[in-house]
Amino acid sequence: MRTAHVITATLAAAVLSLAACGPADDDDSATDVYPAPADTEGTTPQSTATSTPTGGSEQDTAYDIQTYEATWLVTTAEGAVTTVDDPSVSEVPSTWTIASGGTDGMVQLVSSATTDDQEMCLTLPGADVVSVNPCDPADAGQWLRLGELDQPEQVNISNENGYLVSDPEGGVTVAADPSSPASVFTLVESAAAADS
């Protein structure tokens, strides 16, 4: 009988403890215990393997892209992509912004040069062709990986069609692998590039 009193007292104490916590509310859920995640509508998770080595918002930052040979990646009035010794002497605006939104951390490199007010994106469509074309999310040749390298701001630029490489005699092309130092590019914030 003593055991029955102990069990009854224990159950009564448990009920009183639960009652002290307040009545159960059908609207309460487990998510009320933890803060809700920030609204991420319209964002795409970035893969750390292909994330850009930049700080801050990539889309608001203009970059000059320097080659391993210390030349600069620019567009031409004809829509080609070439290299020059000094980006300030380019015949068209020569900076680039990084537009995220692709799968697996893929990005578009958007030229500051426009054609008929259309944004132009660096395109590696295959067959050793490198160009800028009107930005089109459906164009697979415009979705690029910026693979981080050992030095800050250094990247390989690639997609399924190959790796962007600079030609020591000028211009750029596409190679099958990044084994050459010519596949190394440095993203330099455009104000810093003007100072160098």
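# Reading a predicted fold, feature by feature

Modeller: Let's begin with one pair of residues: valine 74 has threonine 82 as its bridge partner in strand S3. Keep in mind that this model is predicted.

Colleague: Happy to start there. In which sense do strands S2 and S3 pair, and over how many bridges?

Modeller: Strand pairing is read from bridges, and at least two are needed before two strands count as paired. Here, S2 (residues 72–75) and S3 (residues 81–84) pair in the antiparallel sense, with 4 bridges between them. The two strands form a hairpin, and 5 residues separate them. Look at glycine 79 in that turn: its phi is positive, at about 90°.

Colleague: Which residues have a positive phi although they are not a glycine?

Modeller: Alanine 70 is one of them, with a phi of about 65°. Find it in the loop between S1 and S2, where it is partly exposed at a relative accessible area of 44%. Aspartate 116 is another, with a positive phi of about 50°. It sits in the loop between S5 and S6 and counts as exposed, because its relative accessibility is 73% and the cut-off for exposed is over 50%.

Colleague: Let me step back for a moment. How many helices and strands are there in the protein, and in what order do the elements run?

Modeller: The protein has 2 helices and 12 strands. Starting at the N terminus, the order is α-β-β-β-β-β-β-β-β-β-β-β-β-α. As for burial, 37% of the 196 residues are buried. The accessible surface of the protein is about 11,700 Å², and carbon and sulfur atoms account for 53% of it.

Colleague: Among contacts between residues at least 6 apart in sequence, what share joins residues at least 24 apart?

Modeller: That share is 49% in this protein.

Colleague: Now the inside. Which residues have the most contacts within the largest nonpolar core?

Modeller: A nonpolar core is a set of buried nonpolar residues joined through their side chains. The largest one here has 22 residues, and those with the most contacts inside it are Ile65, Leu109, Leu122, Val130, Leu146, Ile157 and Leu164. Several strands give two or more residues to this core, including S1 (63–67), S4 (96–100), S5 (107–115), S9 (154–159) and S12 (185–189). S6 gives the most, with 3 residues.

Colleague: I'd like to zoom in on one core residue. What does valine 130 touch, leaving aside residues up to four places away in sequence?

Modeller: Its contacts are Val81, Leu122, Thr123, Leu124, Leu164, Val172, Thr173 and Val174.

Colleague: And serine 131: is it buried or exposed?

Modeller: Buried means under 20% relative accessible area. Serine 131 has 13%, so it is buried. This residue belongs to strand S7. Its side chain makes a polar contact, at 3.1 Å, with the side chain of asparagine 133. Beyond residues up to four places away in sequence, serine 131 touches Gly79, Val81, Cys121, Leu122 and Thr123. You met Gly79 earlier, in the turn of the S2 and S3 hairpin.

Colleague: Cys121 catches my eye. Which cysteine forms a disulfide with it?

Modeller: To find a disulfide, check the distance between two cysteine sulfur atoms. The structure holds 1 disulfide: cysteine 121 is linked to cysteine 135, with 2.0 Å between the sulfur atoms. The link is right-handed, with 100° about the S-S bond. Cysteine 121 is in strand S6 (residues 118–126) and cysteine 135 is in the loop between S7 (129–134) and S8 (145–148), so the disulfide ties together parts 14 residues apart in sequence.

Colleague: How do the two cysteines count for accessibility?

Modeller: Cysteine 121 is buried because its relative accessibility is 0%. Cysteine 135, at 25%, is partly exposed.

Colleague: One last stop: where is aspartate 167 found?

Modeller: Look in the loop between strand S10 (162–166) and S11. Aspartate 167 is partly exposed, with 34% relative accessibility. A polar atom of its side chain lies 2.9 Å from the backbone nitrogen of glutamate 169. You can also follow the chain on to serine 183: it is 16 residues from aspartate 167, and their C-alpha atoms are 9.5 Å apart.

Conventions
Residues are numbered from 1 along each chain as its sequence is written. This is a predicted model: local features need pLDDT of at least 70, side-chain atom pairs count only at pLDDT 80 or more; totals for chains, interfaces and linings use all residues. Side-chain values use heavy atoms; hydrogens and water are left out. A disulfide is a pair of cysteine sulfur atoms within 2.5 Å. Buried means under 20% relative accessible area, exposed over 50%, partly exposed in between (1.4 Å probe, protein chains only). A nonpolar core is a set of buried Ala, Val, Leu, Ile, Met, Phe, Trp, Tyr and Cys residues joined through side-chain atoms within 4.5 Å. Contact means heavy atoms within 4.5 Å. Accessible areas come from the Shrake-Rupley method with a 1.4 Å probe; for residues, only the protein chains shown count as cover. A polar contact is a pair of N or O atoms within 3.5 Å; within protein, one must be able to donate a hydrogen and the other to accept it, and residues adjacent in sequence count only if both atoms are side-chain atoms.
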